[in-house]
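Subject: Structure handover

Hello,

Here is the structure I promised to pass on. Please open it first, then read my notes below.

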Amino acid sequence: MNAFLILEDGHVFEGKSFGAQKEVICEVVFNTSMTGYLEVLTDPSYQGQGVVMTYPLIGNYGVCLEDIESEKPWHSAFIVREISRTSSNFRREEDLEDYLKEHDIPGICGVDTRAITKILREHGCMGGMITTNSDFNLDEILPKLKEYTVTDAVKTVSRTEKEHFNGDGFKVALLDLGTKNNIIRSLEKRGCDVTVYPADTTAEEILGDQPDGIMLSNGPGDPKECVQIIKEIKKLYDSEVPIFAICLGHQLMALATGADTEKMRWGHRGGNHPVKDLKSGRVYISSQNHGYVIKEETIDPDVAEVSFINVNDKTIEGLDYKNKNIRTVQFHPEACPGPQDTAYLFDEFMDRMKGAKNA
């Protein structure tokens with residue numbers, strides 16, 4: 001069946017429908033990862049978005065449920081050049097198209113993803129629609145696309161109950177803002193006893209459980225929407241518990257301490273983003289997925305200092321907080337998909353918890 005991708009600037013791309021056959025409006029973004037489409041699909045940070053995969057062939061190794069990053073895919077739509085109708089992989093459990101149908105996610109293939117990506121690079125991420133209705137009316141559709149925004153994103157993806165993962169090491173409280181499973185796995189690998197808390201959990205409850213360390217996870221949406229969560233994170237900041245924050249958690253900690261954020265033109269989404277450690281001068285390749293960034297000029301130098309920058313566009317990729325046992329990063333040290341260059345940051349978090357406990 002024919003399908004159409006309509007962008008808010010009036011561009012229309014015709015292709016073929018796959019996955020669920022339904023009409024959706026979403027924010028259209030692009031991801032440059034060459035592998036890991038299943039992990040991308042199940043990353044809660046993509047809630048409300050239609051993702052263009054720049055790599056031309058998607059689905060060739062099928063779906064292995066062991067690799068998922070949350071209980072279901074969160075994309076509103078999946079946009080690819082070519083969908084593999086068959087898959088070959090000894091770990092494969094089903095084909096990608098069947099998986100998308102099960103979760104009611106529409107896709108469009110046979111479109112020029114390079115041209116779409118060039119449009120998004122030039123004009124920024126924008127609202128879009130996928131439809132199988134060939135009688136669409138642009139005059140009616142375009143205003144709806146221009147008005148579309150992702151709202152209540154964190155509330156939508158966060159778990160509603162506490163979940164505990166047994167370990168015999170440090171006791172870590174993980175605030176679920178849209179956490180990926182590999183953050184939990186990275187902590188478990190280091191022996192941590194992990195309790196995952198819903199995003200609306202109060203600081204009093206988290207601190208009352210006496211954790212050795214606190215993690216703030218990745219997540220979707222505009223960080224400034226998280227008004228109440230920011231208030232609770234300020235209380236966590238005021239405690240003496242070591243904190244490690246990733247992606248959205250990094251942005252929320254900055255907002256909680258007086259800095260500001262802004263939306264990026266097209267964001268960073270992919271597994272090949274170089275970041276520079278300003279102390280060592282070393283450059284690491286990182287996995288990233290975000291559309292907002294901290295404004296450097298709004299950071300109080302008495303509160304925090306920049307620890308990492310993006311080599312390509314010089315945006316902030318990490319902060320170290322002064323007189324606090326807190327480090328935050330914009331990129332994903334747990335990767336999945338992506339390089340493992342910065343996984344050492346979890347080991348640093350272990351060292352900080354050990355130092356705080358022995359102090």
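Which elements do the buried residues of α10 pack against? They pack against β11 (171-176), α6 (181-189), β13 (213-216), β14 (243-246) and β19 (326-329). Please bear in mind that this is a predicted model.

**Helix α10**

Helix α10 covers residues 344-358, which is 15 residues. At 1.5 Å a residue, α10 should span 21 Å. Its end C-alpha atoms are 21 Å apart, so the span agrees with what is expected.

The buried residues of α10 are L345, F346, F349, M350, R352 and M353. They cover an arc of only 160° around the axis, so they sit on the same side of α10. On the other side of α10 you will find D351, K354 and N358, which are exposed.

**Cysteines**

How many disulfides does the structure hold? The count is zero. As a reminder, a disulfide is a covalent bond between the sulfur atoms of two cysteines.

Take C247, which is in no disulfide. The nearest cysteine sulfur belongs to C226 and is 12 Å away. A disulfide needs the two sulfur atoms within 2.5 Å, so this pair does not count as one.

Is C247 buried or exposed? C247 is buried, with a relative accessible area of 2%. C192 is buried too, with a relative accessible area of 1%.

**Positive phi**

Most residues other than glycine have a negative phi. C247 is not a glycine, yet it has a positive phi of about 60°. You will find C247 in the loop between β14 and α9 (248-256).

D104 is another residue other than glycine with a positive phi, near 60°. D104 lies in the loop between α2 (96-102) and β8 (106-109). Its relative accessibility is 43%. Partly exposed means between 20% and 50%, so D104 falls in that class.

**Cavities**

A search of the whole structure finds two cavities of 30 Å³ or more. The largest cavity has a volume of about 90 Å³. Its lining is made up of 14 residues. Of these, D43, S287, Q288, N289 and P337 lie nearest the centre of the cavity.

Which element gives the most to the lining of the largest cavity? That is β16, with three residues. Both α1 (37-41) and β16 (283-294) supply at least two residues each.

Best wishes

How values were computed: Residues numbered from 1 in each chain as written. Predicted model: local features only at pLDDT ≥ 70, side-chain atom pairs only at ≥ 80, totals over all residues. Heavy atoms only, no water. Helix = DSSP H or I, 4+ residues; strand = E, 2+ residues; numbered from the N terminus. Expected span 1.5 Å × (residues − 1). Buried < 20%, exposed > 50% of the residue type's maximum accessible area, 1.4 Å probe, protein only. Arc of directions from axis to C-beta. Contact = heavy atoms within 4.5 Å. 1 Å grid on protein atoms, 1.4 Å probe; cavity = no way out; pocket = protein on both sides within 12 Å on 5 of 7 lines; lining within 4 Å. Points joined across faces, edges and corners; volume = space filled by probe spheres on them.
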